[in-house]
Amino acid sequence: MMTKSVFKKALKNPLSKAGFIIIIGVFLLAMFAPIISPYDPDDINVKAILLSPSWQHWMGTDGLGRDVLARMLFGGRISLLVGLVAVGISTAIGILLGAIAGYYRGWIDTVIMRLVDVMLSIPSFFLILAVIAFLTPSIINVMIVIGLTSWMGVTRLVRAEFLSLTEREFVQASRTLGAKDARLIFTHLLPNSLTPIIVSSVLGVAGAVLMESGLSFLGLGVQAPQASWGNILTDGKDYIQFAWWLSLFPGLAILITVLGYNLLGEGFRDALDPRSENK
Amino acid sequence: MIKFAFLNNKLLNRNAKASGVILFLLLLCNCSKPAQDLTDYTKTYPSQSGGTMIDAMTGEPSGLISMIAGESASSAISGNIFNKLLKYNKNLDLEGELAESWQVSDDQKTITFKLKPNLKWADGKPLTSADVLWTWHAVIDEKTGSPYASDYQLVKKAEAPDPLTFSVTYEQAYAPALDSWAGLQVLPEHLLKGQDLHTTAFARNPVGSHYYKLDNWTHGENIKLSRNPSSVLGQAKIDHLVSRIIPDSSAQFLELMAGNIDSMGLDPIKYARIIPARPELLQKLALYKELGNSYTYLGFNLKHKPFDDVRVRRAINYAIDKQEIIDGVYLGLGINIASPYKPGTRWSNPNLAPYPYDPNKAKALLKEAGFTDTNGDGILERDGKPFSFEILTNQNKEREKSAVLIQRRLKAVGIDVKIRAIEWASFISRFIKTGDFDVVVLGWSLGLDPDQYSIWHSSQQAPGQFNFIGYNNSIVDKLLEQGRLELNPDKRMKIYHEFARVLLDDSPIVFLSAGYGLTAIHKRVKGIDSPAPPAGLGWNSETWYIPEPLRRNEISAN
């Protein structure tokens, strides 16, 4: 299948291989956080406030004496979960609307594409800020809101794929043989547009991880005492000159994770690009 | 005057984003050492005039007529521009400011103030008792809508029979009366007559009579004051006061370290950990600590179940380890309290002790109130419903951390707590004014008079009023009413001691701690009383001075 070969090709590129390894690494760390973590992330110790990194606390402790490494590991779970679920939501919406627009065309296409234009014209970070301000800030709301405000790219992509695929011979043939809409969409069109969707989703996760960190940094995302990279960063902001470890480690974690997703996504994109065929 | 305390309230605005950028840049430039400051700030110099002192404020005042603004940002500036009739001296005794003397009638209902002669506004016009009378009319006017109106509405009759005499008559003797006249800033009638105080340009371009006058106000940047040459109380030493508007406290701290501002309020970590660890900061910054007239508390919404049950409130009080909060959040820079009065003052009842940390007693009380863990999940239930609530607080680091510690202690006795920190303005309008909360962690900053009618009296529960927890206790109501009428200080003290005892027993709030006000001031500023007298560090700020050799280059002073 096409996807598999693209994947293989993408991983030939050392940069996207690095991205892949980073993501796998981050995932493993987050997944096995309860086993790896030296402390409970919510274990308060008022006698060990703001200790600098040492053998006992590899990444130091925070303002309530909690181990930063433990909070980073458990915070990683939140960041990745938010990234995946948000992108899952946006991809599902994007595929649905894109498929409808690209397959049926006509007025419904116009309506959906104008809706996309409207959504794209609103700066998404401020839209999300405004929506979260109305809701209770919580991890579930953050996932849903990010998902509901970032489906436009996928919609455009799927629509474009569908527009070109419906003209292809195998689709035309299938239609002539009397295949119904649903069969055409699910067995022919969708599987063949999967690769660009995956690429955009991978890049989307990077955006969602950043968005969650930003919201948590502003106090609108994951709420205390639950750890997330964004709110560990906020805790560190006031003491950056003194307790540098509170800003450095979550900052690096966000940077590396986002970089990983971007490298992998770019790798996919290059592998898909017909002009880079001979490289 | 009573104000909501929201120190270092983080404002969610463009600056929050900007500080994220600054933060990253800082990481990069942290490694470069600043040029060594070789000035010896410990040398003593004779007092001399001149120089500029720069401080920072987190919020910009909405205007400089403080009876309307009702916010600390406004009164911090306007307090340097406008005079009051009376003021508190170093030891918190009242003395005249505009008033030369005052007399209380034998029936205790009339106060007659004699103004100092030859008082002048900064524009040269005479300041007379007519201005005071006009100010009183303004503050009680419904159209003004001043949050401080209630104190002055009790005045039945106010008169200015001659330019130097102002007298007020109350319906009944009113104990906090003199204190209230030490709080009202006198405004010039000749500039404000007939104007709408809410829209007048005067609020941004005021003319006062105090040590300083407004020089320049650059919106969003700074407010500059310069010495008022016709000040009625003599001349302040420092020529210019500049207040820079820096909403983010970490950005303020950077400016303090760089020497671009001279003073700022600190949080315990900056005070006890960061500055002491850096000799180059200690060389130029002096640290001050004073017990403020404020405290932090956990307040219950008494209209919500199960907080209407005193056993539940007491149980939560026993279950919270207050010393842990003082040690862990305030790094020891706080005091355990049992009453809403500053410890050590006459109004604070010395016989009261805070609820000790006793989780077993808490569990027993909860059981008595009908809470048991029927399904073995570690959380107590009553009538099939788990005991679970949300603590709301504003985005204040100390309060958020306190809430986390409380959450952990309450979980240990079987109560499930969630925490939510909300930006200040929406916290007040969305939750406090509507009464839509279960439990809050907040603070009160109090005035010097012991009267706390507006916080605890059952009549003060309307939206926007201060008894938003819905406290309703007829004994407390009666004591508060008596306290306002009693002018004998010893009898008054007994009333408030009894009030505090009932309050502690009833436990409508859990007193968490009284925190120290922590301040850093650049050592170039001399003449500061340390340790701070009862009236506070700034009581004699007009005599603070900056010796010429220590002044910063005036060009960079903006």
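## Chain A at a glance

Chain A has 13 helices and 0 strands, so reading along its sequence gives you α thirteen times over, as in α-α-α-α-α-α-α-α-α-α-α-α-α. Keep in mind that this is a predicted model. Along its principal axes, the C-alpha trace of chain A spans about 75 × 45 × 30 Å.

How much of chain A is buried? Of its 279 residues, 46% count as buried. There is also a figure for how chain A's contacts are spread along the sequence: take the contacts between residues at least 6 apart, and 70% of them join residues at least 24 apart.

## Two helices that meet α11 in chain A

Let's start with helix α8 (residues 152–165) and helix α11 (residues 194–217), both of chain A. Their axes come within 10 Å and cross at roughly 165 degrees. An angle over 145 degrees counts as roughly antiparallel, and that is therefore how α8(A) and α11(A) run relative to each other. Their crossing is right-handed. On the α8(A) side the contact is made by Gly153(A), Val154(A), Leu157(A), Val158(A) and Glu161(A), and on the α11(A) side by Pro196(A), Ile197(A) and Ser200(A). Sorted by class, the residues of this contact are 5 nonpolar, 2 polar and 1 charged.

Helix α4 (residues 68–104) of chain A meets α11(A) as well: the two axes come within 8 Å and cross at roughly 130 degrees. That angle makes α4(A) oblique to α11(A). Here, too, the crossing is right-handed. From α4(A), the contact residues include Ser79(A), Val82(A), Gly83(A) and Leu84(A), while those from α11(A) include Ile197(A), Ser201(A), Gly204(A) and Val205(A). By class, the contact of α4(A) with α11(A) has 9 nonpolar, 7 polar and 1 charged residues. Ile197(A) is worth finding in the structure, since it takes part in the contact with α8(A) and in the contact with α4(A).

## Where the chains touch

How many residues does each chain bring to the contact between A and B? Chain A brings 20 residues and chain B brings 28 residues. On the side of chain A that touches chain B, the residues divide into 13 nonpolar, 5 polar and 2 charged.

## An open sheet in chain B

Over in chain B, 4 strands form an open sheet, in the order β5-β6-β8-β7, with antiparallel pairing. Which strands stand at the edges? They are β5 (99–104) and β7 (155–162) of chain B; each has a single partner strand, so one side of each is left without a neighbour in the sheet. On average, neighbouring strands of this sheet are turned by 15 degrees against each other, direction ignored.

Zooming in on one pair, β5(B) and strand β6 (residues 110–115) of chain B line up in the antiparallel sense over 5 bridges. Ser101(B), for instance, has Lys114(B) in β6(B) as its bridge partner. Helix α4 (residues 129–140) of chain B packs on the sheet and touches β6, β7 and β8 (165–170) of chain B. The direction of this helix makes about 160 degrees with that of β7(B).

## A run of antiparallel pairs

Further along chain B, strand β9 (residues 212–218) and strand β10 (residues 222–227) pair in the antiparallel sense over 6 bridges. Within this pair, Leu214(B) has Leu225(B) in β10(B) as its bridge partner. The hairpin of β9(B) and β10(B) has 3 residues between the strands, and Gly220(B) takes a positive phi near 80 degrees there.

β10(B) also pairs with strand β11 (residues 240–245) of chain B, again in the antiparallel sense, over 5 bridges. In that pairing, Ile223(B) stands opposite Ser243(B) in β11(B).

## A glycine to look up

Finally, try Gly483(B), which sits in helix α17 (residues 474–485) of chain B. Is this glycine buried or exposed? Gly483(B) counts as buried, because it has 24 C-beta neighbours inside 10 Å, where 20 or more are needed.

Leaving aside its neighbours within four places in sequence, Gly483(B) is in contact with Ala175(B), Pro450(B), Asp451(B), Arg492(B), Ile495(B), Tyr496(B) and Phe499(B). Gly483(B) and Ser78(B), by contrast, lie 31 Å apart in space, C-alpha to C-alpha, with their positions 405 residues apart in sequence.

Key
Residues numbered from 1 in each chain as written. Chains lettered and ligands numbered in written order. Predicted model: local features only at pLDDT ≥ 70, side-chain atom pairs only at ≥ 80, totals over all residues. Contact = placed C-beta atoms within 7 Å. Nonpolar A, V, L, I, M, F, W, Y, C, P; charged D, E, K, R; others polar. Pairing = 2+ DSSP bridges. Axes fitted to C-alpha atoms, helices over the stretch in contact; angles between N-to-C directions. Parallel < 35°, antiparallel > 145°, perpendicular 65-115°, else oblique. Left-handed = near helix turned anticlockwise from the far one by under 90°. Buried ≥ 20, exposed ≤ 12 C-beta atoms within 10 Å, placed from the backbone.
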